[in-house]
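Thank you all for making the time this morning. I would like to walk you through one chain, beginning with a single helix and ending with the fold as a whole.

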Amino acid sequence: MAKRELVLGLAGLGTVGSGLARILHDRAAAIEARTGRAVRIKTILVRDPAKPRPVEIPGASIVTDASALIDDPEIDVVVELIGGTTAAYDLVHAALSAGKHVVTANKALLAERGVPLFRLAGEKGLHLAHEASVAGGIPIIETLKESLAANRIEKIMGILNGTANYILTRMTEAGLGFDAALAEAQARGYAEADPTLDVEGGDTAHKLVLLIRLAFGRSYPMARLPVWGVSQVSPMDIAHAAEFGYTIKLIAQAREVGGKIEAGVYPALIPAHYLLASVNGSFNAVRIEGDAVGQVMLYGRGAGDMPTGSAVAADVMAIARGRAANNTGFVTQDLPEADILDLDEAVSCHYLRFLVPDRTGVLRDLSGVMADHGISLEQVVQKKWDGPGVQLVFFTHECPAGAVHAAMRAIEAQRDLTLAPIMHYRIL
Ligand code: NAP
Ligand code: HSE
């Protein structure tokens, strides 16, 4: 019979660790009422024990040596909230090896080095629970693993990074510059310790790889996932998009096409009336298409102390209840590698913006290259601006992304045709 108290070793008392500690304290009675057990944080691992903390955890000792968690037989669960893929890997591996359940919010760890950890947890029948690793407080892991388990998932599409979405929202709604918007997101605790993961799409890619495992039962090598971020999104493109009824969002999508997986992370123009276009600030949303259920859409806060703490606490409570571990949603932990369909084959409309010399024939030359690549133009807009040359914006009809990439290469190879790198977005 399970003992009355569930004892935690908490690794990390930053944004998420503090949120979790607050929830476990404030909702202690409700948690016990739901699980039948009290949950206590016994030991907290940090880097700097002298740092002031936003929460107090009476009775818990602060340590800087992971062995204080691993070697303590009283600790049932190690909650890993330190981030990164090195010390966190060692900690999680050691905790599982010592027979302790693990709860983590660390998508980088699980996407890049998760396979041996899931295998070890599976062999030992332990939880390696990770609800908070994708889309913060949104219960997407549980939804795919349990609630939609009877479906063949056909497509997943969503906004999975709170920081990038916050930046795009602030640039769109308040006219903030990129750096100022990122600084705000960091101050609110949304960003990763290394924010390039947020702004260059790496964090979204980690999350998408985890969702592909759960949805399609395939492992998708991170190195093969096409990934673009938001650092190049300019106020000018945001304004042009708005003028034509679109909003720019960082999108993660994966779908099954004839047994292959087509997936990618990229900023895209979304029609302003779509639900995804009105997902703002640190909110995330995921749309899932299953063969039986049809479309399901989940929406909520994708980052921050309390939303993420909520997901971590739910994992802790599942362990307290004595639920059997179901870490990947499949009996085998060794999933086959995905057969990958090149994202360049995906067909959509496209937005292209060129800065071109203001000379006779430049429009003819550009549209000629597009025609040579089989790309038909739906709208063409020429805009004067206060810099050199003129801005030309093309909205294309549907065509494969590969044709657009080839046309862009051909245009950039002609040195007198463009004055700056071409801006390109898919239109979804
Ligand atoms: P954070 O605010 O930077 O906090 C990290 C904590 O871990 C700090 O308390 C730090 O100690 C401690 N730490 C870091 N490296 C350590 C090491 N080697 N040994 C011991 N302690 C160490 O990070 P966070 O935002 O809470 O994120 C934690 C994890 O949750 C990450 O995997 C992140 O990707 C994930 N996540 C974050 C969010 C979010 O909204 N922030 C949402 C979902 C998932 P000191 O305080 O002493 O420096
Ligand atoms: N840095 C991440 C984000 C935290 O902004 O979405 C949540 O995973």
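**A bent helix and a straight one**

Please keep in mind throughout that what you see is a predicted model. Let me begin with helix H5, residues 107-124, where a straight helix of 18 residues would span 26 Å at 1.5 Å a residue, while the end C-alpha atoms of H5 span only 22 Å. Where in H5 does the kink lie? It lies at Gly114, shortly before the proline Pro116, and it amounts to about 90°.

Turning to the two ends of H5, at its start a side-chain oxygen of Asn106 reaches to within 3.3 Å of the backbone nitrogen of Ala108, and after the helix comes Gly125, which has a positive phi, near 65°.

As for its surroundings, the buried residues in H5 are Lys107, Ala108, Leu109, Leu110, Ala111, Gly114, Leu117, Phe118, Leu120 and Ala121, a list in which you will notice Gly114, the residue at the kink, and also Ala108, whose backbone nitrogen the Asn106 side chain approaches. The cover over these buried residues includes three strands, namely S4 (77-80), S5 (101-104) and S6 (128-129), together with helices H4 (87-97) and H10 (202-216).

Now let me set beside this helix H12, residues 305-320, which has 16 residues and reaches 22 Å from its first C-alpha to its last, close to the 22 Å expected at 1.5 Å a residue. Of those 16 residues 12 are buried, so H12 is largely enclosed by the rest of the structure. The buried set consists of Pro307, Thr308, Gly309, Ala311, Val312, Ala313, Asp315, Val316, Met317, Ala318, Ile319 and Ala320. H12, too, is followed by a glycine with a positive phi, in this case Gly322, near 85°.

Stepping back to the whole chain, we have 14 helices and 16 strands. The radius of gyration is 24 Å, close to the 22 Å that the globule rule gives for 428 residues, so the chain is as compact as a globular protein of that length. Taken along the principal axes, the C-alpha atoms fill a box of roughly 80 × 45 × 35 Å.

Of the 428 residues, 54% count as buried, and the chain exposes about 17900 Å², with carbon and sulfur atoms supplying 51% of that area. Finally, if we consider contacts between residues at least 6 apart in sequence, 73% of them join residues at least 24 apart.

Notes: Residues are numbered from 1 along each chain as its sequence is written. Chains are lettered from A and ligands numbered from 1 in the order in which they are written. This is a predicted model: local features need pLDDT of at least 70, side-chain atom pairs count only at pLDDT 80 or more; totals for chains, interfaces and linings use all residues. Side-chain values use heavy atoms; hydrogens and water are left out. Helices (H or I, at least four residues) and strands (E, at least two) are DSSP runs, numbered from the N terminus. The expected span of a helix is 1.5 Å times one less than its number of residues. The bend at a residue is the angle between axes fitted to the seven residues ending there and the seven starting there. Buried means under 20% relative accessible area, exposed over 50%, partly exposed in between (1.4 Å probe, protein chains only). Contact means heavy atoms within 4.5 Å. A polar contact is a pair of N or O atoms within 3.5 Å; within protein, one must be able to donate a hydrogen and the other to accept it, and residues adjacent in sequence count only if both atoms are side-chain atoms. The radius of gyration is taken over C-alpha atoms; the globule rule is 2.2 Å times the number of residues to the power 0.38. Accessible areas come from the Shrake-Rupley method with a 1.4 Å probe; for residues, only the protein chains shown count as cover.
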